[in-house]
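Let's take a walk through this structure together, one piece at a time. Have a look at the picture first, and then we'll start with a small question.

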Amino acid sequence: MRASELKRAKRDLRRSVLAARDALGEAERVARSTAIHRRFLALPEVRDAGLVMAFWSFGSEVATPPLLEALHARGVRVCLPRIEDGDLVAVAYEPGDPLRETSFGAREPAAGTILAPEMLDRVVTPGVAFDRFGHRIGYGGGFYDRFLRRTRRGMPRIAIAFDLQVLPQELPVGSFDVGVDVIVTESETIRSALGGNRPPTSQT
């Protein structure tokens with residue numbers, strides 16, 4: 001697929017999935033988010049994590065503030081992404097630390113210690129659309145694709161998403177796109193097979 005065709009295919013999928021996600025009512029979004037939190041916190045990859053990079057949700061994303069609180073209450077060190085000079089950096093965060101709003105509506109730490117990507121044990125990865133092989137379409141900036149390449153080899157990348165964001169067909173992706181290892185939705189946990197080399201598995 002040519003670069004222009006790939007960009008167009010991603011844009012069309014992004015528009016379609018965002019429209020479906022935005023159509024969820026607030027009460028339903030909260031209920032689904034709560035189910036995702038329970039499933040995420042039960043993951044073995046999360047139970048033994050010492051330092052987790054998560055993100056502050058915005059718009060119709062799975063709500064993350066309760067998840068950040070729960071991780072902190074467990075004694076897990078948490079950091080959030082911040083955009084600096086066109087790239088993501090991981091910034092240490094505790095509930096109550098000051099946040100500032102970005103140009104696209106998300107929140108990021110206003111201050112705090114920047115941590116090296118190699119220090120992270122897990123990264124909670126946002127996205128618009130996923131497939132069952134672990135491929136991911138984000139918001140189009142490539143921030144996470146660049147950041148995840150700087151983390152330790154083999155470090156688990158865990159996506160949280162609503163069921164409607166996991167598509168049955170394989171997503172159009174390019175060589176630069178970085179996928180995820182686990183996708184947690186309100187109804188299942190998908191352990192992906194990046195690159196399609198083996199069948200993905202699902203736990204309901």
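Which residue stands opposite Val182 in S12? It's Ile158. Before going further, keep in mind that what you're looking at is a predicted model.

Ile158 belongs to strand S10, which covers residues 157–160, so that strand is a handy place to begin. Its side chains alternate: Arg157 and Ala159 point one way, while Ile158 and Ile160 point the other way. Whichever way they point, all of them are buried.

Now look at the neighbours. S10 pairs with strand S12 (residues 182–184) over three bridges, in the parallel sense. Strand S7, residues 122–125, is also joined to S10 by three bridges, and those two run parallel as well. If you want a spot to find this second pairing, try Val123, whose bridge partner in S10 is Arg157.

Arg157 is worth a second look, since its side chain also meets that of Asp181 in a salt bridge, at 3.6 Å from N to O. This pair links distant parts of the chain: Arg157 sits in strand S10 and Asp181 in the loop between strand S11 (166–167) and S12, 24 residues apart. Are the two partners buried or exposed, or something in between? Arg157 has 17% relative accessibility, so it counts as buried. Asp181, with a relative accessible area of 26%, is partly exposed. Elsewhere, salt bridges with shared partners tie Glu28, Arg32 and Glu186 into one network.

How many salt bridges turn up in a search of the whole structure? The count is 15. One of them brings together the side chains of Asp121 and Arg152, 3.9 Å apart from N to O. Here too, distant parts of the chain are linked: Asp121 lies in the loop between strand S6 (114–115) and S7, and Arg152 in the loop between helix H5 (143–148) and S10, 31 residues apart. Arg152 has a relative accessibility of 36%, which means that it counts as partly exposed.

Compare that with the salt bridge between the side chains of Arg136 and Asp145, at 3.8 Å from N to O. Arg136 counts as buried because its relative accessibility is 7%. Asp145 is buried too, at 7% relative accessibility.

Next comes an open sheet of three strands, in the order S9-S8-S11, with mixed pairing. Why is one side of S9 and one side of S11 left without a neighbour in the sheet? Strand S9 (136–137) and S11 stand at the edges and each has a single partner strand, so there's nothing in the sheet on the other side. Strand S8 (residues 129–131) runs parallel to S11, and two bridges join them. Along that pairing, Asp131 stands opposite Leu167 in S11.

Finally, let's look for empty space inside. Rolling a probe the size of a water molecule over the atoms shows where such space is left. Across the whole structure, the search finds one cavity of 30 Å³ or more. The largest cavity has a volume of about 50 Å³. Its lining includes Arg21, Phe55, Glu61, Val62, Pro126, Gly127 and Tyr139, along with Ile160, Ala161 and Gln165. By class, that lining has six nonpolar, two polar and two charged residues. Ile160 takes us back to where we began, as one of the buried residues of strand S10.

Terms used. Residues are numbered from 1 along each chain as its sequence is written. This is a predicted model: local features need pLDDT of at least 70, side-chain atom pairs count only at pLDDT 80 or more; totals for chains, interfaces and linings use all residues. Side-chain values use heavy atoms; hydrogens and water are left out. Buried means under 20% relative accessible area, exposed over 50%, partly exposed in between (1.4 Å probe, protein chains only). Helices (H or I, at least four residues) and strands (E, at least two) are DSSP runs, numbered from the N terminus. Two strands pair if DSSP finds at least two bridges between them. A salt bridge is a side-chain nitrogen of Lys or Arg within 4 Å of a carboxyl oxygen of Asp or Glu. On a 1 Å grid over the protein atoms alone, a cavity is a set of points where a 1.4 Å probe fits but cannot get out, and a pocket is an open set with protein on both sides within 12 Å along at least five of seven lines; lining residues have an atom within 4 Å of a point. Grid points are joined across faces, edges and corners, and a volume is the space filled by probe spheres set on the points. Ala, Val, Leu, Ile, Met, Phe, Trp, Tyr, Cys and Pro count as nonpolar, Asp, Glu, Lys and Arg as charged, and the others, Gly among them, as polar.
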